[in-house]
Amino acid sequence: MAHHPRKTAAAAAALVALTGLGTAPSAAAPTPTAHARFVPGACPKTAEPVPELAKARCGFLEVPENRARPGGRTIRLATAVIPATSARPAAEPVVFMAGGPGGETFDDIPFLVSSGVNADHDLIIMAQRGNRYDQPNLACPEFDRFTARYVGLGHDSARAKSQMLEAFKQCRDRLTADGTDLGAYNTVENAADFADLRTALGIAEWNVYGYSYGTNLALTLLRTHPEGIRAVAIDSVTPPQSVVLPWGWPSAQEGIGAILDACAAQPACKSRYPDLRKTLDEQVRRLEEKPLTLTARPPKGGDPVKVVLDGGAVLNVLVANTIKPVDVPAAIDELARGNPERFARARAVDSVPAVGMTAHGLTESVACAEWTPGVSESDVLDAGRKAFPGWPDTVLAQAPQLPFQFDVCRTWNVPDRAAQQRVPAVSSVPVLLLSGTFDQKTGAEFAKDAARTLSRSTSVKIPGITHWVVPQSPCAAKVLASFLARPAAPDTGCAAGLTPAPFTITPK
């Protein structure tokens with residue numbers, strides 16, 4: 001789950017002016033600490049087997065929970081070093097930064113390995129503070145259980161809101177009762193953890209690869225602790241200076257619009273599904289006015305569950321990518337013809353949550369400290385109206401994938417860190433920016449915001465690909481490998497001839 005939002009150009013420019021143009025660590029950034037140490041230990045016992053962990057060197061990084069409080073409690077971050085498959089690997093490893101924030105990092109290892117990320121480089125995995133397998137673990141099973149019920153409630157209904165807020169209150173109360181300092185779970189502390197990891201492992205120089213929220217974290221590391229960074233690859237880009245709650249709307253508009261435009265560019269799709277944009281607009285309005293209540297079987301099996309399909313649910317199913325882009329035109333057409341099955345099953349995905357998998361405590365501490373301050377409900381609504389003119393305000397009032405976020409943040413109650421975090425990385429370190437044109441969570445256009453202050457950057461767009469590009473695109477994996485081998489001159493040629501895959505054409 002990678003949720004992200006947008007800053008106005010003027011405000012971003014003001015931040016650049018305020019912060020100057022050097023690459024020196026920001027005054028607000030905690031310095032890596034002499035108290036950090038790596039403690040060897042067993043690899044995590046993952047829910048699904050990860051064969052690569054059998055060959056890995058594992059343990060914990062021990063760091064202060066809050067670097068502003070020397071002598072306070074320490075936390076332990078699960079870490080694994082997976083060897084390169086090459087007999088003669090490069091000297092510099094690749095450290096990976098997962099999405100979310102709060103996404104389960106060890107689950108990503110199979111995708112990284114199948115994409116060849118550890119072909120010529122050792123691969124370092126560290127669960128960001130608060131993640132599963134860390135101590136403490138900021139999972140919110142209370143929220144996971146709410147998510148299972150949410151599929152049967154209206155997207156922006158009063159019942160959904162009250163149940164969500166109660167789930168987060170229970171999670172917050174439980175975590176703080178254990179002594180957790182929720183305000184210390186933020187991107188700047190996260191970045192200092194990775195700076196400490198490099199030193200604790202005795203690594204002189206490494207490469208950084210992050211996707212989604214991990215790109216925000218990678219750019220923060222580059223800004224606050226540039227030492228020892230050879231190259232940075234960021235995939236599905238969320239620049240820190242741009243990540244403000246309303247950003248979900250232009251990202252959704254860009255990604256959904258790209259899918260609809262690609263259908264219009266394929267003759268078979270255009271003739272079978274004419275006026276798809278108009279059809280989608282009509283269905284969002286119709287279902288928001290008269291929601292459908294039905295039962296649907298979750299895609300991975302299980303008993304049928306009650307599902308409510310309203311306009312907000314339709315939007316969020318699209319943004320979550322639970323209907324694959326090749327099937328989106330068919331799904332919209334079927335919805336208009338009275339067959340909501342594809343949308344209903346996609347909505348039912350969340351009825352079988354992986355309880356305890358995501359560190360929602362980290363998600364909310366970051367979202368509430370860094371993305372939400374300084375913007376209002378009306379800013380979110382205005383961004384929604386601009387992105388999807390004519391859609392009902394009840395749909396547009398809730399940022400995609402982050403409903404009731406202002407209320408959640410009043411419950412979560414962490415200090416405002418926006419000024420320290422919404423700062424561009426200004427650097428001459430080589431940076432590769434990878435974007436998918438069908439990405440509805442982190443719109444491809446936002447790579448431009450990041451690239452403006454990165455003087456040695458290479459930007460590549462992969463047509464027809466959604467969120468987290470490398471595991472979905474052999475070309476993107478090839479570009480990444482080329483960049484890691486030669487950061488100053490990566491071979492991006494394979495991207496030139498790519499086009500989106502043909503869409504699913506259903507019989508009339």
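Start with the sheet: in this predicted model, 9 strands line up as an open sheet in the order E1-E2-E3-E5-E4-E6-E7-E10-E11, with mixed pairing. Strands E1 (37-40) and E11 (457-462) sit at the edges and have a single partner strand each, so one side of each is left without a neighbour in the sheet. If you look from strand to strand, neighbours are turned by 25° against each other on average, ignoring direction.

Now zoom in on one pair from that order. Strand E4 (residues 94-97) and strand E6 (residues 206-211) run parallel and are joined by 4 bridges. Within this pairing, Val 94 stands opposite Asn 207 in E6. In general, strands of a sheet pair through backbone hydrogen bonds, either parallel or antiparallel.

Next, the helices that lie across these strands. Helix H5 (residues 187-200) lies across E1, E2 (57-64), E3 (74-82), E4, E5 (123-126) and E6, and runs at about 125° to E2. Helix H6 (residues 213-224) lies across E4, E6, E7 (229-235) and E10 (431-436), running at about 155° to E7. Strands E4 and E6 thus turn up in the lists for H5 and for H6.

Finally, have a look at Val 317, which you'll find in helix H10 (residues 311-319). Is Val 317 buried or exposed? Its relative accessibility is 4%, and because buried means under 20%, Val 317 counts as buried. Leaving aside residues up to four places away in sequence, Val 317 touches Thr 322, Ile 323, Phe 343, Ala 346 and Arg 347. As for Ser 212, 105 residues apart from Val 317 along the chain, the two C-alpha atoms are separated by 18 Å.

Key
Residues are numbered from 1 along each chain as its sequence is written. This is a predicted model: local features need pLDDT of at least 70, side-chain atom pairs count only at pLDDT 80 or more; totals for chains, interfaces and linings use all residues. Side-chain values use heavy atoms; hydrogens and water are left out. Two strands pair if DSSP finds at least two bridges between them. Helices (H or I, at least four residues) and strands (E, at least two) are DSSP runs, numbered from the N terminus. Axes are lines fitted to C-alpha atoms, for helices over the stretch in contact, and angles run from 0 to 180 degrees between N-to-C directions. Contact means heavy atoms within 4.5 Å. Buried means under 20% relative accessible area, exposed over 50%, partly exposed in between (1.4 Å probe, protein chains only).
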